[in-house]
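This report describes the overall build of one protein chain and then turns to its largest pocket. Please keep the sequence and the model in view while reading.

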Amino acid sequence: MRELLVGEEGAGQRLDKYLQKYMSEAPKSFFYKMLRKKNITCNRKKCDGSERLSLGDKIQLFLSEETIEGFRREISAGKKLPTTKLDILYEDSQVLLINKPAGMLSQRAEEKEPSLVEYLLGYLLASGQTTEEALRSFRPSVCNRLDRNTSGLVTAGKTQAALRGLSALFKERTVRKYYLCLVRGKVEKEGRLNGWLLKDEKTNQVTICQRDEEGAARICTVYAPLSYGKDVTLLQVELITGKTHQIRAHLAALGYPVIGDRKYGDGRWNRMYREKYGLTSQLLHAWRMEFPALSGALLGLSEKTEEAPIPEVFQRVLRGEGILRNPERAGK
């Protein structure tokens, strides 16, 4: 018999999900059969798998060691979890706020290319905040995602409770999220854009619609001009909703494409900025988050405001275009 002690990282998970992560090669039917037969119990009591685990719970596996290990996938931190220096803006025992660079995936799209999630796990392993054994039952992860070529603030949860709390915040839209972007054209006044966004899953491209269509999602984007250069405007954008490519597609549909955006932008302007500044990504930065009053696992973020420093290439363009002498003061 093997007994598993539920730690803080696993508290809040459903029992069946916890088991599926611990013995990842086993079919779901195996766990439900073992639960019915009381070959798997929690705190020595019969369970059906839907129970939420609490800190200190003990899960009993009345299974042979051969069976248990046969269903467990080997995890090699050295081979599978790369490390890189993360720009961590805030960290406590539950959460991290990370300044993601442009060019890095938020979550892995292909097996070959690491993402912020893998770098996060590598960091937590290297700093002794988790172990390979703990990763078998729970994997910390990012909660909000940014496009590969968008830089800025990403939230991550170290525990199940933190991930659930962060997910609820974004779903309920109680976190205020502000972006900075440089767009072609002169935006003379602030505005609020409403519409619908329709995504083509095959091309990973979206279309902005003025009326509801089948499969479309309602979107809302608020923007305000901060400063001007020659035929360009620095905008502060607040996402009321948060859908795929929303800012880029919404502003392009309005006639103000984001500089450097290869999917929805202006090719001629992109080439001009690439030749002048070496720009290889869109000038869109997830700049600021304002959190509401919070408790529990998210207490450290309660009423906190965090800003991600503007990337050097973004600052270089702003200085070169004479838009801001001190880009770090944008929006203040």
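How many helices and how many strands does the protein chain have? In this predicted model, the chain contains 10 helices and 14 strands.

**The chain as a whole**

The C-alpha trace spans about 70 × 45 × 40 Å along its principal axes. Of the 332 residues in the chain, 50% are buried, a term that stands for under 20% relative accessible area. The accessible surface of the chain comes to about 16700 Å², and carbon and sulfur atoms account for 45% of that surface. Contacts between residues at least 6 apart in sequence were also examined: 65% of them join residues at least 24 apart.

**The largest pocket**

Rolling a probe the size of a water molecule over the atoms shows where empty space is left. In this model, the largest pocket holds about 1400 Å³ of space. Its lining is formed by 45 residues, and those nearest the centre of the pocket are Arg-145, Leu-146, Asp-147, Lys-243 and Thr-244. The elements that each give two or more residues to this lining are listed below.

| Element | Residue range |
|---|---|
| Strand S6 | 141-142 |
| Helix H7 | 160-172 |
| Strand S8 | 176-184 |
| Strand S12 | 232-239 |
| Helix H8 | 246-254 |

Which element provides the largest share of the lining? That element is H7, with 6 residues.

The character of the lining residues can be described as well. They divide into 17 charged, 14 polar and 14 nonpolar residues.

Technical notes: Residues numbered from 1 in each chain as written. Predicted model: local features only at pLDDT ≥ 70, side-chain atom pairs only at ≥ 80, totals over all residues. Heavy atoms only, no water. 1 Å grid on protein atoms, 1.4 Å probe; cavity = no way out; pocket = protein on both sides within 12 Å on 5 of 7 lines; lining within 4 Å. Points joined across faces, edges and corners; volume = space filled by probe spheres on them. Helix = DSSP H or I, 4+ residues; strand = E, 2+ residues; numbered from the N terminus. Nonpolar A, V, L, I, M, F, W, Y, C, P; charged D, E, K, R; others polar. Buried < 20%, exposed > 50% of the residue type's maximum accessible area, 1.4 Å probe, protein only. Contact = heavy atoms within 4.5 Å. Areas by Shrake-Rupley, 256 points an atom, 1.4 Å probe, with all protein chains shown as cover.
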